[in-house]
Amino acid sequence: ELTSTGAGSPPAFEDASGGVDGISSSANANAIVISSDEEVTLPAQPSFLAYFAGTDSNATGDGTTVNVAGFTEVFDINADFNASTGVFTAPVTGKYLFVMVFRVTGITSGMWMDFGLNTSNNLFNHLIFGGVHNDAQVTSAIADMDASDTAQMRIICSAGSKVADIIGGNTSTTSFSGFLLG
């Protein structure tokens, strides 16, 4: 900090008082951007959105677990999502929010559906029992993940034969998204 030492004498350099404690950076680019309207963005914050690219006919219904794979990425900041395998790998330790949309058709009366998220450390379930549920289902999960932990969406339909189809093609059918909360 440059301060005045009075008229006619040179200014003095002193340690700056105040400042921000608790922020550290090893960034080689803009990690935090604040606009002129004071909007804060994190350009490198891990996040992704992808949709299931096709249709997986007769994928489940007999208790077969399907780990959904074969996505088309809408965006993938930092390339942490593998579209071909459907696996997200956490780049850093933190809390991650995942949102999954499942569009499954061909479910018959009496079948139940279990869909959700498998992570390295946990299983997040959303169960629907009985009846015909041929519309899109949405679920979310907040997962505590360590760096290199993985997450993948999965679905199981049971109490019938293998007649349930997983429908893809856009973000309103079957999709998977996630981002680092902090």
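**View 1. A79 sits in the loop between β8 (71-77) and β9 (81-82).** This is a predicted model, in which local features need pLDDT of at least 70, side-chain atom pairs count only at pLDDT 80 or more, and totals for chains, interfaces and linings use all residues. Residues are numbered from 1 along each chain as its sequence is written, and side-chain values use heavy atoms, with hydrogens and water left out. Strands (E, at least two residues) and helices (H or I, at least four) are DSSP runs, numbered from the N terminus. The phi of A79 is near 55°, a positive value in a residue that is not glycine. Most residues other than glycine have a negative phi. A79 has a relative accessible area of 64%, so this residue is exposed. Exposed means over 50% relative accessible area, buried means under 20%, and partly exposed lies in between (1.4 Å probe, protein chains only).

**View 2. S148 is found in the loop between β14 and β15.** Its phi is positive, about 80°, although S148 is not a glycine. Is S148 buried or exposed? Its relative accessible area is 57%, so S148 is exposed.

**View 3. The whole protein has 17 strands and zero helices.** Of its 182 residues, 35% count as buried. Its accessible surface comes to about 9800 Å², and 52% of that belongs to carbon and sulfur atoms. Such areas come from the Shrake-Rupley method with a 1.4 Å probe; for residues, only the protein chains shown count as cover. Now take the contacts, meaning heavy atoms within 4.5 Å. Among contacts with a separation of 6 or more, 70% join residues 24 or more positions apart.

**View 4. V87 lies in strand β10 (residues 87-89).** Which residues does V87 touch, leaving aside its neighbours within four places in sequence? The contacts are D80, F81, N82, T150, A151 and Q152. D149 is 62 residues from V87 in sequence, yet their C-alpha atoms are 10.0 Å apart in space.

**View 5. Strand β17 (residues 175-180) pairs with strand β5 (residues 47-52) and with β11 (residues 94-105).** Two strands pair if DSSP finds at least two bridges between them. β5 and β17 run antiparallel and are joined by five bridges. Look for F48, whose bridge partner in β17 is G178. β11 and β17 are also antiparallel, with six bridges. Here V99 has S177 as its partner in β17. Five of the six residues of β17 are buried, so the strand is mostly covered.

**View 6. Side chains alternate along β14 (136-145).** Q137, T139, A141, A143 and M145 point to one face and are buried. A136, V138, S140, I142 and D144 point to the other face and are not buried. How many bridges does β14 share with β11? The two strands pair in the antiparallel sense over ten bridges. In this pairing, M100 stands opposite T139.

**View 7. Two salt bridges are counted.** A salt bridge is a side-chain nitrogen of Lys or Arg within 4 Å of a carboxyl oxygen of Asp or Glu. One joins D144 and K95, at 3.4 Å from N to O. D144 is in strand β14 and K95 is in strand β11, so far along the chain that 49 residues separate them. K95 has a relative accessible area of 41%, so this residue is partly exposed. The other joins D114 and R154, at 3.2 Å from N to O. D114 is in strand β12 and R154 is in strand β15, 40 residues apart. D114 counts as buried because its relative accessibility is 8%. R154 is buried too, with a relative accessible area of 3%.

**View 8. The largest nonpolar core has 33 residues.** Such a core is a set of buried Ala, Val, Leu, Ile, Met, Phe, Trp, Tyr and Cys residues joined through side-chain atoms within 4.5 Å. Those with the most contacts inside the core are F71, F81, F98, V104, M113, I155 and F176. The elements that give two or more residues include β5, β12 (112-119), β15 (150-158) and β16 (164-167). Strand β11 gives the most, with five residues.

**View 9. I32, I34, V40 and L42 form a nonpolar patch on the surface.** Patches are made of residues with over 30% relative accessible area and no salt bridge; nonpolar side chains (Val, Leu, Ile, Met, Phe, Trp, Tyr) are joined within 5 Å, and like charges within 9 Å. Together, the four have about 390 Å² of accessible area. I32 is in the loop between β2 (12-13) and β3 (33-34). Its relative accessibility is 52%, so I32 counts as exposed.
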